[in-house]
Amino acid sequence: MKFNYKLQRLCGASYGTPAATGSGVLSSSSKGSNIVFTSDGNNVLSPVGNRIQVLDLLHHSCRTLPIEARSNIRRIALSQNDDRLLIVVDVNSYAMLINYHRGVILHRFKFKRTVRVMKFSPDGSKFAVSFGKGVQVWNTPGIRREFAPMVLHRKYTGLVGDVTTVDWSSDSTVLLAGGKDCQARVWTVDTVKDYEPWTLIGHKKPLVGVHFEDREKTLAERHQFFTDSGNTGSTLAGKLVARCYTVSEDGAICTRECRKEVENKDGDNKSSLDSLMGNDAVDFFSGSSGVNATKKANAQDNLTDQAHELVKGRWGTTSRHYFSSNSNSQSVVSTSYSSTHSLLVVGFSNGLFGLYELPSVSNIHTLSLSHSTIGTVSINPSAEWLAFGCPKTQQLLIWEWRSESYILKQSGHAYGMRCLAYSPDGIVVATGGEDGTVKMWNSHSGFCYVTLPKSHTAAVTAVEFANSTVVLSASLDGTVRAHDLHRYRNFKTYTSDIPCQFISMAVDKSGEVVCAGSAEPFRVCVWSVQTGKLTDVLTGHVGPISALEFHPVRGTLASASWDGTVKVWDLYKSNSVPETFENSADVVCLAFRPDGNEICTGTIRGLLRFWNVEDGNLICEIDGQKDIKGGRKFNDRMTADNNSSSRYFTSIAYSADGTCLLAGGNSKYVCIYEISQQILLKKFQVSFNRSLDGVLDELNSKNLADGGAVDDEHDSADENDFSPHLPGAQRADDGSRKSRVEVLTMQVAFSPTGREWSTVSTEGLHVYSLDDDMIFDPLALTEAVTPAAVQTNLREGKYGMALLMSLHLNEFALVKSVIEDTPYESIGLVVKSIGRQHLGQLTQFLSKCMEDSPHVEYYLQWCLELLQTHGVYMEKNRGKYLRSFRALFRVVQSRYTDLKTICDDNKYSLQFLESQANLLLGE
């Protein structure tokens, strides 16, 4: 069994940070980050906690970048045009410079002030970062590792309040920033002779957006409407040089124009040349002559750029508009502007968004997306798709405004995820949350495709698949509900004769019997899935029933309880006495080995015990308390090494071959054990996010005071509070209190395919999968087996020998090329030449090749020949080939679903074309 599992994706959350269980507020100090589109507009980068999700909108898939920030992410910025560099800044101002295409961290550094806004210049040579009441402009480093890649270009000051928004001119020579002092300021990036920065005033509330108009549009309008003699359409006199827009919280948008007096052409040219000559001297003394050599060469050709045009120009306000007549009911929270298409997107505090065309401020579209605040908005380069993020509800929405339809709409469980279950084919993952909902996730794409109608009134404690079309869920509201995955409805509800809270559930392999264990009274209820009748009640435990599981082969049921016992019941024998396994502590989890000959139990002391099911004898023990301990909570009075009493496994799962055990619980670790040798094979840490509680093993001594630890992630007053104010109250207080979210793993499960395993934590659903592309694992390799020999056999038509040699080398790219180069009519002969020792390997490669190949019929022929030739042997040795066969079945089922959807969507179009052809033939 391979153990090179890597985090492939984080499901359950597409935007925002995890909320504390049982609270409706966000975790400490993070109110959501910004969302960024890539330069092609087809991918969206969305921060989730301290990770970044990359959502492919064309292929409808999701992946998680293999990097983690120290804490919750506050701001991200992606270099324009090439998407080479990604800068990530967390809530504590620690930043990472990342090669986006390779997912490699190039450099780590820290800004000395809180970063509220960050943006790359259009040419990608610099990026601007807010620095308190000023703005810092840094030179963009290269994509190679350097000792000190960050070089500060300049710092710009002049605002009285903290900077909240920044924008660049289209030629990257002018910088515009707005702040909490209701003012905006215009600087030139490089020193320009005779230029003085302008301060733009006129707002009554802090600014949330400042945007430059595209220079080409400004020049086109100047040439169209204005002549050298003066101005024909504005109250401001002079030649139009630049235009910008400023937006404040109260919904006011002001259009600002910069104009300068018209001079004669000779004088204008002479003054431009004098300005350039004067700038040579300024740059010499400022030390930027080498940096700007290229710009000066271009300036000699074009005489002036936008920075030089602003010299001796005057700024003025030409128009003022309001998005809403009632600014008290809704405030502007976020804005995004497409300078190419002159479209402005505005997000409001009441969940509304508006799309406006500038400079006329004509409303194109208005829609209510959510009941909570729209924390961030973004528009893709083609101005077709709009992205919205709601940090409180952790919603991410992609809206196409022309067709008025959702491209993507994702949200996780409201108060966290609690349990999970894989479907029999491994394609679907069902999760239950603290909000009483059940969501279905596609394990391949990572998206939630349906949220079952909310029927539970309390937290869902367990979910199980009865078969591929029926999923059952148990809840603390005292009900077990069966859901139909075809019609997405609740068709059966199972209740007890006595009100109780169900905390565990199990379904037999036939899907005919469902059992649920309650917290109080201490009993197990048994129902018939078909009739919904309560057929039996199992009593005998003197503590809450913490876990239930059916025997994989027989009809017996194992139940674990806090009373320290595990009982095995025979449901099909009346008055039978259950077999009891005594443990030294409370039992919180159990699992059967796939062959049913062994059962594992976990106690609150971190002890894993393995029992023989036939005779009830103890086989071996694994003490996992030292393996799972670690992580000091924020308010702990002792170190992590001395505080391992609360660390134990709450969920365990066997691998498909039964040789290894996956265990997770009240800790940040998930462990994999080898059972026969009783050793720890590998340990995974699910999160390194320091905004969560229990991640660090040692706390910083400078943050420890007499009264306890001091939280360094306090609210920095740069986020707005939109809670309602009570009449006569001096401040708003909705009664909510913030708390740190503790990192825990509630449940772990292996996929039926064996290629991945998942765990439910406070951050969501972590999916770990094998990365075979980086593994060279040859079989019976000799000197004659080389890639060149494989290609030689292919050219000579020896396809069977070429496939065997490529399987010996075990390189995916080589095996795929051999499979696809084999002629269609030779597939049967090639499959017959494969020995039994390579069947599992070939099946695994076929499933991986078929996953993203357009040659569906070709690979189905491979599958058909493989089953017709070796199907009987594989059936007799199903345990050996079960993992690879399930992986193949999952891919075939997924491709069948895709083709069925395409055919159903185009059914009537094909019928119409057929009827039109018949009409033409009849004429």
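This is a short tour of a predicted model, with stops at a sheet, a hairpin and a pair of helices.

**Stop one: the sheet.** Select β30, β31, β32 and β33. You should see an open sheet of four strands, ordered β30-β31-β32-β33 and paired antiparallel. Which strands stand at the edges? They are β30 (417-422) and β33 (448-451); each has a single partner strand, so one side of each lacks a neighbour in the sheet. Look for the twist too: neighbouring strands here are turned by 25° against each other on average, ignoring direction.

Now zoom in on β30 and β31 (residues 428-433). These two run antiparallel and are joined by five bridges. To find one of the bridge pairs, pick Y422 and its partner V429 in β31.

**Stop two: the hairpin.** Move on to β34 (residues 460-467). Six of its eight residues are buried, so β34 is largely enclosed by the rest of the structure. Add β35 (residues 470-475): the pair is antiparallel, with six bridges between the strands. Together β34 and β35 make a hairpin, with two residues between them. Show N467 and you'll find V470 of β35 opposite.

**Stop three: the helices.** Select α8 (residues 812-821) and α11 (residues 856-876). Their axes are 11 Å apart and the packing angle is about 95°, which falls within 65 to 115 degrees, so the two helices are roughly perpendicular. Display side chains at the contact: K816, I819 and E820 from α8 meet Y858, Y859 and W862 from α11. By class, that contact has four nonpolar residues, two charged and no polar ones.

Notes: Residues are numbered from 1 along each chain as its sequence is written. This is a predicted model: local features need pLDDT of at least 70, side-chain atom pairs count only at pLDDT 80 or more; totals for chains, interfaces and linings use all residues. Side-chain values use heavy atoms; hydrogens and water are left out. Buried means under 20% relative accessible area, exposed over 50%, partly exposed in between (1.4 Å probe, protein chains only). Two strands pair if DSSP finds at least two bridges between them. Axes are lines fitted to C-alpha atoms, for helices over the stretch in contact, and angles run from 0 to 180 degrees between N-to-C directions. Angles under 35 degrees count as roughly parallel, over 145 as roughly antiparallel, 65 to 115 as roughly perpendicular and the rest as oblique. Contact means heavy atoms within 4.5 Å. Ala, Val, Leu, Ile, Met, Phe, Trp, Tyr, Cys and Pro count as nonpolar, Asp, Glu, Lys and Arg as charged, and the others, Gly among them, as polar.
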